[in-house]
Structure formats: C-alpha cells, structure tokens
Amino acid sequence: MRSDNGVAAAYDTPEYAEQIDRSSGQPFWKLGAVVSVERRGAQLLVGNGDCEPADEEAEQACKGWREKRPDVLLSREMLARAIDPEDRERFRNGEILGYDENGNDIPGPNWIEPDDEDTEEDNE
Amino acid sequence: MAKLRCKGTIIKQTISASLTAVAQITDFNHDGAESETFDATTLDTSGAGKEYSQTGYSEGGNFGFTIFYDDTLAGHQAITDLVTTPASCVWNITTTAATAAAMAFTSAGIGFGFTGAMNDGLKADVSLKITGLLAYQT
C-alpha cells in the first residue's frame, strides 16, 4: 500500500492499528501495509497504482499488472501531485514536477521557459 | 483569512480498504445543504410576516464533479461500479488551505453520464446524493 492512501473507515480497526499512521491527524496506511481485500477491490487498487499484490491469490486476481506498472505508477504520481489534466503531458515530459504552494509550476529537468506570448495568454 | 485556489484540491473516493484521489477532475460543486423548516404561522401570528421554525433535520444536498473520463482507469471504474452495484461510499475533499483537514461525506446514490464533442476530450459528469451531512470544518 502507498503511504498517501487514506484508510477506509471499515479498515480503521484494531486489527490494522499497527499499519496505520495517524501523525497527520488523519489515518493513512503506512508504506507497505498489507491488507486483505476482496477480489474486485484488489483489481481496482492495483490498477489504480495504490498498492501491489502481496500474495499469490492477489497476483492471480490482477494478472498482467507488472506490464502495466510503469504507466500506472506514473499516473498515480500525477494524481498524488494533483497535476492538472492539461499539464499531464508536461509532467510526462519532465517539464514540471508539480506546483508550489502558490500554484506555480515547479520546473522539472526538461523545463521550457514560457515565451512572452504564453505568459501574456496566461495573464489574460 | 485566505482566498483558496482550487488547483490542487483533492477529492478522494473509497476503494475497498483505501481512500484514494480521483483522477482528472476539472471542476466540482456542492449544490448546497439546507436546514429544513416548517411553516409555523398561526392564526394569531402578529404582523404580516409568515413564521418558520426548524424541523431539526437538514438536507445534505448533492456533490458533483466533472472528469476527463478514461474508462480503462481503475479509479474511474470504481466510480461506475457504484452504478452497476449500488452501494454507499465515503468521499473526502481536501482543499488547498495550509491546515486543511479532509471534509468527509457519504454518498448513497450516484448519477453518471458522459459527453463527447469535436472540440473537447471525453468528459463525464458525476453526481453524488449525500446521505447525512458533509463534515464541514468548524
């Protein structure tokens, strides 16, 4: 389980207490927490990049997940950083890493300086 | 006091054991909660003004959002699963406030439709009927 996943109320139980991080004031799964979920839940969570199969049964439920893993993790990372749909291509290209606290772009390794026209359009 | 930008707002849905962010949201809205009142006017009410009082109940309203719809995306499939297999679902909204805690609500019902247009990407509108009330910050 990723550590930026909140804990569903039904799982916030003594059984999972050791795997839950409450330091932010909200219950989040600790990185690598192992939880038991139903088949469809496993497919959705793995398909969404929230977690990876932890046993053979889960592997069987999520066939092909390893091949899709790089794309899924990239998408999940964009989700975690709240990348605007219109900026997803720029994130994929390494132009931005995300946004600062004021909502401005955080330049990535392939950052491209916006030309004056772009800036003017943004300001309009 | 602060003016909060919407960019970076995160809306999470419950998928099995996890609360995880919904991808590709472009806008969202809450159509308004409302405290319920009844007409408390009586024949001996003084003045012309009708009187109302509280029933003690409040309507939670509906929460809606629009997404660029990707039908192969597991997170979006989790939303349509609520149409094919109706169930309650807990959602969280985290604003961009520096000290924001999640505002939680439970949906009892869901509306889901999608639209395509020549000059736009495939989009879906999701409408959630809130049961109880959204947990506002206090």
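User: Which residues does L45(A) touch, leaving out those up to four places away in sequence?
Analyst: In this predicted model, L45(A) touches V37(A), D50(A) and C51(A) in chain A, and I15(B), S16(B) and S18(B) in chain B, with residues up to four places away in sequence not counted.

User: Ok. Which residues touch the most other members of the largest nonpolar core?
Analyst: L45(A) is one of them, along with V7(A), V35(A) and A42(A). The core has 39 residues.

User: Which elements feed into that core with at least two residues each?
Analyst: From chain A, they are β3 (28-29), α1 (39-47) and α3 (65-80). From chain B, they are β2 (18-21), β6 (62-68), α1 (74-84), β7 (89-94) and β9 (123-131).

User: And which one gives the largest share?
Analyst: That is α1(A), with 4 residues of the core.

User: Let's stay on α1(A). How many of its residues are buried?
Analyst: 7 of its 9 residues are buried, so the helix is mostly covered. Here a residue is buried if 20 or more other C-beta atoms lie within 10 Å of its own.

User: Which ones are they?
Analyst: The buried residues of α1(A) are G41(A), A42(A), Q43(A), L44(A), L45(A), V46(A) and G47(A).

User: What covers them?
Analyst: The cover includes α2 (56-61) and α3 of chain A, and also β1, β2 and α1 of chain B.

User: What comes just after the helix?
Analyst: G49(A) is found just after α1(A), and this residue takes a positive phi of about 80°.

User: Now α1(B). Which of its residues are buried?
Analyst: A74(B), G75(B), H76(B), A78(B) and I79(B) are the buried residues of α1(B).

User: What is packed over those?
Analyst: Their cover includes α1 of chain A. From chain B it includes β1 (10-15), β2, β6, β8 (103-115) and β9.

User: Switching to the contact between the chains. How many residues are involved?
Analyst: 26 residues of chain A are in contact with 25 residues of chain B. On the chain A side, β1 (6-7), α1 and α3 each supply at least two residues. The largest share of that side, 4 residues, comes from α1(A).

User: What kinds of residues make up the side of chain A that touches chain B?
Analyst: That side divides into 14 nonpolar, 9 polar and 3 charged residues.

User: Which strands pair up across the two chains, β1(A) with what?
Analyst: β1(A) is joined to β2(B) by 2 bridges, and the two strands run antiparallel. Within this pair, V7(A) stands opposite S18(B). V7(A) is also among the residues that touch the most other members of the largest nonpolar core, and S18(B) is among the residues that L45(A) touches.

User: What about strand β4 of chain A, which strand is it joined to?
Analyst: Strand β4 (residues 96-99) of chain A is joined by 3 bridges to strand β5 (residues 105-107) of chain A, and they run antiparallel. Y99(A) stands opposite D105(A). The two strands form a hairpin with 5 residues between them, and G103(A) in the turn has a positive phi of about 85°.

User: Zooming out, how many helices and strands are in each chain?
Analyst: Chain A has 5 helices and 5 strands. Chain B has 1 helix and 9 strands. Along the sequence, chain A reads β-β-β-α-α-α-α-β-β-α, while chain B reads β-β-β-β-β-β-α-β-β-β.

User: Is chain B compact or spread out?
Analyst: Chain B is more spread out than a compact globule, because its radius of gyration is 19 Å, well over the 14 Å that the globule rule gives for 138 residues. Its C-alpha trace spans about 65 × 35 × 35 Å along the principal axes.

User: And what is the radius of gyration of chain A?
Analyst: Chain A has 18 Å, where a compact globule of 124 residues would have a value near 14 Å. Its C-alpha atoms fill a box of roughly 55 × 35 × 25 Å along the principal axes.

User: How much of each chain is buried?
Analyst: Buried residues make up 25% of the 124 residues in chain A. For chain B, 23% of the 138 residues count as buried.

User: What share of contacts joins residues 24 or more apart?
Analyst: Counting contacts with a separation of 6 or more, the share is 26% in chain A. In chain B, counting contacts between residues at least 6 apart, the share is 60%.

User: Last thing. How confident is the predictor about chain A, in mean pLDDT?
Analyst: The mean pLDDT of chain A is 88, and 93% of its residues reach 70 or more. Among the elements of chain A, helix α5 (residues 116-123) has the lowest mean, 60, and strand β2 (residues 20-21) has the highest, 96.

Methods: Residues numbered from 1 in each chain as written. Chains lettered and ligands numbered in written order. Predicted model: local features only at pLDDT ≥ 70, side-chain atom pairs only at ≥ 80, totals over all residues. Core = buried A, V, L, I, M, F, W, Y, C linked by C-beta atoms within 7 Å. Buried ≥ 20, exposed ≤ 12 C-beta atoms within 10 Å, placed from the backbone. Contact = placed C-beta atoms within 7 Å. pLDDT = per-residue confidence, 0-100. Pairing = 2+ DSSP bridges. Rg over C-alpha atoms; globule rule 2.2 N^0.38 Å. Nonpolar A, V, L, I, M, F, W, Y, C, P; charged D, E, K, R; others polar.
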